[in-house]
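Please open the structure in your viewer and keep the selection tool at hand, since this tour moves from one selection to the next.

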Amino acid sequence: SAPMIELARLFSGGRVASTGVDSNLQLANEELNYRVASCLLAGPRRSAKTTLLFQYAYSKARDGSSVTFACKRRKIAQQFPLFDVDPSFPETKEALGRITMQYLADGAELELFLASMPAHPSLPSLLVIDDLAEFYPGPVHNRREADRFYRALALLKETLHFANSKVKGQLAVMASLTLVEDAYASLRDPRLALHWFDMLCMIYGGQDEFELTVQSVAQREDPASLVAKYSLLQDAVDLRQFNFTLDAR
């Protein structure tokens, strides 16, 4: 089956504020599937992007998919994802066992990893890349840094195309990007990433209150008009709203 992005999985390991939100989330798990292969989740610092990606990864692994989670070891150690699941449960251990953590030091290692993926005898069903900005921390107005950043995105797209055009299985990609305050005026404008990603999700907000929307799907507006609002608690993401229409086919 073709890869797809299922945004309800971003909130699968957190808490929900009401039964109404929970029923919407369950309906989305069954019906809200974007038939694209790659998605970029862009938002400000400390908006739980790593947590949302890890919850997505865990949800896919729990359903039997193999997942590779690429990140910087230092960042994940300092800000471990909020995870409201007991890791001692056998089913939790089994799911976590399907997630391969791929620790990368910098952009050069990320590029080498992406370039080597097609040579692997088997590919995961899902590749997650936690915060592309961490791998390219240079000035966002620097042309050379921007060229390296977009070269990595082009390499990612080539890897995805190879995986989904061969008999190697079907690969989906979820990645995140931390935005600086003047991101839209910089050479790292997230909208430019739509040349390499099928889908762009944006997170807005601050002070532990955030809103996630879909900016673009396959060069179109979001047919589902998704709006997800969430708060950050000390130990979990608390989903307060998850509204959509069922036209995202």
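Which residue with a positive phi follows α2? Bear in mind that this is a predicted model, and then select Gly64, which comes after α2 and has a phi near 105°.

Step back from there to helix α2 itself, residues 49–62, whose 14 residues reach 20 Å from the first C-alpha to the last, close to the 20 Å expected at 1.5 Å a residue. Of those 14 residues, 13 are buried, that is, under 20% relative accessible area, so α2 is largely enclosed by the rest of the structure.

Next, select the largest nonpolar core, which has 47 residues and in which Ile5, Phe11, Tyr34, Met199, Tyr230 and Phe242 are those with the most contacts inside the core. Helix α2 gives the largest share of this core, namely seven residues. A second core of 35 residues, separate from that one, can be found by selecting Leu127, Leu132, Ala152 and Leu177, which are among its members.

Now turn to the strands, beginning with β2 (residues 38–43) and β7 (residues 199–206), which run parallel and are joined by four bridges. To see one of the paired positions, select Ala42 together with Met202, its bridge partner in β7.

Stay with β7 and add β8, residues 209–217, which pairs with β7 in the antiparallel sense over eight bridges. Here Cys201 has Val214 of β8 as its bridge partner. Finish at the hairpin of β7 and β8, where two residues lie between the strands and Gln207 takes a positive phi near 55°.

Conventions
Residues numbered from 1 in each chain as written. Predicted model: local features only at pLDDT ≥ 70, side-chain atom pairs only at ≥ 80, totals over all residues. Heavy atoms only, no water. Expected span 1.5 Å × (residues − 1). Buried < 20%, exposed > 50% of the residue type's maximum accessible area, 1.4 Å probe, protein only. Pairing = 2+ DSSP bridges. Core = buried A, V, L, I, M, F, W, Y, C linked by side-chain atoms within 4.5 Å.
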